[in-house]
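Open your viewer, get the structure on screen and keep the selection box handy. We'll hop from stop to stop, and at each one you'll hear what to select and what is there.

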Amino acid sequence: MDSYRLSREGRETAKPFVVEEVSGLDGLRRLAPDWNRLAEEASLRDFFQTWEWVESWLEAFCEPERVIALLVRDGSRLVAALPILGLLSRQWWSGNRFFATVNKQTPQSGLLHTGPAGEAVRAVLGHLRSTRRRVSFTFPSCPAGSPVFEGLIETAAELEWGVTTRQMRNSPRLRITTDWASYLATRPKHVRKEWERKRRRLEEAGQVEFDVVTGGEVARAMDQVLEIERHSWKEDRGTSFTAAAGLERFYGTLARRCAERGWLRLHLLRIDGRPAAFTFAIAYAGELLALKTSYDSRLRGASPGIVLMLRAVEHAFSEGMTAVNLLGDASRWKSEITDEYVEIDDVCLFTRGIPETELQLFMRSHARPLVRRYLPAVTAMSRSLATKGEGR
């Protein structure tokens with residue numbers, strides 16, 4: 001354990017935070033009760049920091065021996081927790097690399113904490129620097145402007161760490177402030193007409209049945225999800241639950257655990273009794289998180305995916321949700337539902353003097369802007385010279 005005294009300004013305080021490391025997935029499982037209490041008390045309740053998400057993710061996607069949990073305690077009270085993956089290196093140019101537990105299945109990352117996020121971030125980074133010295137820490141998919149994002153940037157400056165950021169996407173989000181009918185009135189007229197046309201076309205395809213699974217027969221519902229995935233456009237791309245390693249296990253486990261907590265909202269659409277589309281969503285802290293959606297590509301012309309998503313959004317209104325987070329990348333159909341976006345960035349922090357990360361910083365801060373500035377002129381000059389050469 002590492003103990004140090006830091007205030008928000010970096011000065012000594014009378015009450016130190018203690019940072020404890022717990023290694024391995026088995027070690028983390030013993031912390032589940034404390035983790036759940038912290039999740040309930042967190043300054044910003046975040047589903048992707050709950051034990052249900054963390055344990056399911058680690059079981060499906062990582063090597064157990066690489067897992068490290070950094071626990072920040074104020075006395076005996078747990079005030080922050082962060083699972084990370086370590087990649088220790090003996091190469092002088094790369095340092096010791098650590099990563100937040102994020103992959104393509106993680107729409108956004110954060111830090112489970114109570115109190116100011118900057119305090120928890122400072123504790124984590126201070127611990128890594130004091131115990132590993134040469135460190136780079138990558139924090140992908142962090143909402144820009146969030147308390148954790150600001151804490152990372154501010155703490156990097158205070159500790160004189162290098163930092164690079166890269167915008168990854170704008171994630172669509174619908175804030176719910178009215179009833180469903182009033183919301184529909186805010187949508188452009190041509191959008192509402194298109195939605196109605198798609199609904200009628202779907203009804204022409206056969207008998208339409210909607211279902212929302214929150215518990216009970218989760219395994220049977222997931223079998224229908226897998227059947228849809230096998231016939232989806234994602235299967236050919238290798239991104240469906242059934243085509244990519246670990247995904248079937250991950251979402252099956254996550255569905256079961258979230259159902260036990262009353263968080264699961266698995267929306268299913270069937271046509272003539274045949275599974276046609278699904279939306280795998282989670283209701284947490286008053287917000288509906290649309291994690292995954294897909295449809296049987298053989299029914300593409302009937303637009304089952306859009307119709308079902310609208311049904312899921314309407315259901316969120318009826319449940320009194322405060323927001324629907326569509327997650328992922330922006331798209332035309334998502335922009336028809338909402339006009340609000342959350343910028344998601346990758347953040348990399350590192351102690352100065354690591355050649356590999358210093359080179360990355362130089363490329364992003366100096367070389368890349370120069371290329372963007374002068375490349376069009378160089379390209380135009382090359383084309384002009386080529387044209388002149390052809391005319392000779």
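Start by selecting Phe137 and Leu349: leucine 349, in strand E14, is the bridge partner of phenylalanine 137. Helices and strands here are DSSP runs numbered from the N terminus (helices are H or I with at least four residues, strands are E with at least two).

Before moving on, some ground rules. This is a predicted model, where local features need pLDDT of at least 70 and side-chain atom pairs count only at pLDDT 80 or more, while totals for chains, interfaces and linings use all residues. Residues are numbered from 1 along each chain as its sequence is written, and side-chain values use heavy atoms, with hydrogens and water left out.

**The strands around E14**

Now select E14 as a whole, residues 340-351. Strand E7 is joined to E14 by six bridges, and the two run antiparallel. Two strands count as paired if DSSP finds at least two bridges between them. Add strand E8, residues 161-175: twelve bridges tie E8 to E14, again antiparallel. To find one of these spots, click Trp161, whose bridge partner in E14 is threonine 351.

Stay in E8 and pick serine 171. Is serine 171 buried or exposed? With a relative accessibility of 3%, serine 171 counts as buried, because buried means under 20% relative accessible area (exposed is over 50%, partly exposed is in between, using a 1.4 Å probe and protein chains only). Leaving aside neighbours within four places in sequence, serine 171 is in contact with Asn325, Leu327, Gly328, Glu340, Tyr341, Val342 and Ile344. Contact means heavy atoms within 4.5 Å.

Next, go from E7 (residues 135-143) to strand E5: four bridges join these two, and they run parallel. Click Arg97 and you'll find it opposite serine 136 in E7. Show the side chains of E5 (residues 96-100) and watch them alternate. Asn96, Phe98 and Ala100 point to one face and are buried, while Arg97 and Phe99 point to the other face and are not.

**The cores**

Time to look inside. Select Phe47, Leu254, Leu264, Phe280, Ile282 and Leu291, the residues with the most contacts inside the largest nonpolar core, which has 51 residues. A nonpolar core is a set of buried Ala, Val, Leu, Ile, Met, Phe, Trp, Tyr and Cys residues joined through side-chain atoms within 4.5 Å. Which helix gives the most to this core? That's H10, residues 247-261, with seven residues. There is also a second, separate core of 32 residues, and Phe17, Phe98, Leu128 and Trp161 are among its members.

Zoom in on leucine 291. Not counting residues up to four places away in sequence, leucine 291 touches Phe47, Phe48, Trp53, Pro107, Leu254, Phe280, Ala281, Ile282 and Leu327.

**Helices to visit**

Trp53 sits in H3, so select residues 51-61. Ten of the eleven residues of H3 are buried, so this helix is largely enclosed by the rest of the structure. The buried ones include Trp51, Trp53 and Trp57.

Then select H8 (residues 218-230) together with H10. The axes of H8 and H10 come within 10 Å and cross at roughly 145 degrees. Axes are lines fitted to C-alpha atoms, for helices over the stretch in contact, and angles run from 0 to 180 degrees between N-to-C directions. Where do they meet? Val218, Met222 and Leu226 in H8 meet Glu248, Tyr251, Gly252, Ala255, Arg256 and Ala259 in H10.

One more helix: H12, residues 332-337, where you'll find glutamate 336. At 11% relative accessibility, glutamate 336 counts as buried. Its C-alpha atom is 6.8 Å from that of valine 191, although the two are 145 residues apart along the chain. Glutamate 336 also touches Tyr183, Arg187 and Trp195, among others, once residues up to four places away in sequence are set aside.

**Two loop stops**

Select aspartate 272, in the loop between strands E10 (264-271) and E11 (274-284). Its phi is near 55 degrees, a positive value in a residue other than glycine. Aspartate 272 is exposed, with a relative accessible area of 53%.

Finish at serine 303, in the loop between strand E12 (287-295) and helix H11 (304-318). Phi of serine 303 is near 55 degrees too, but serine 303 is buried, with a relative accessible area of 14%.
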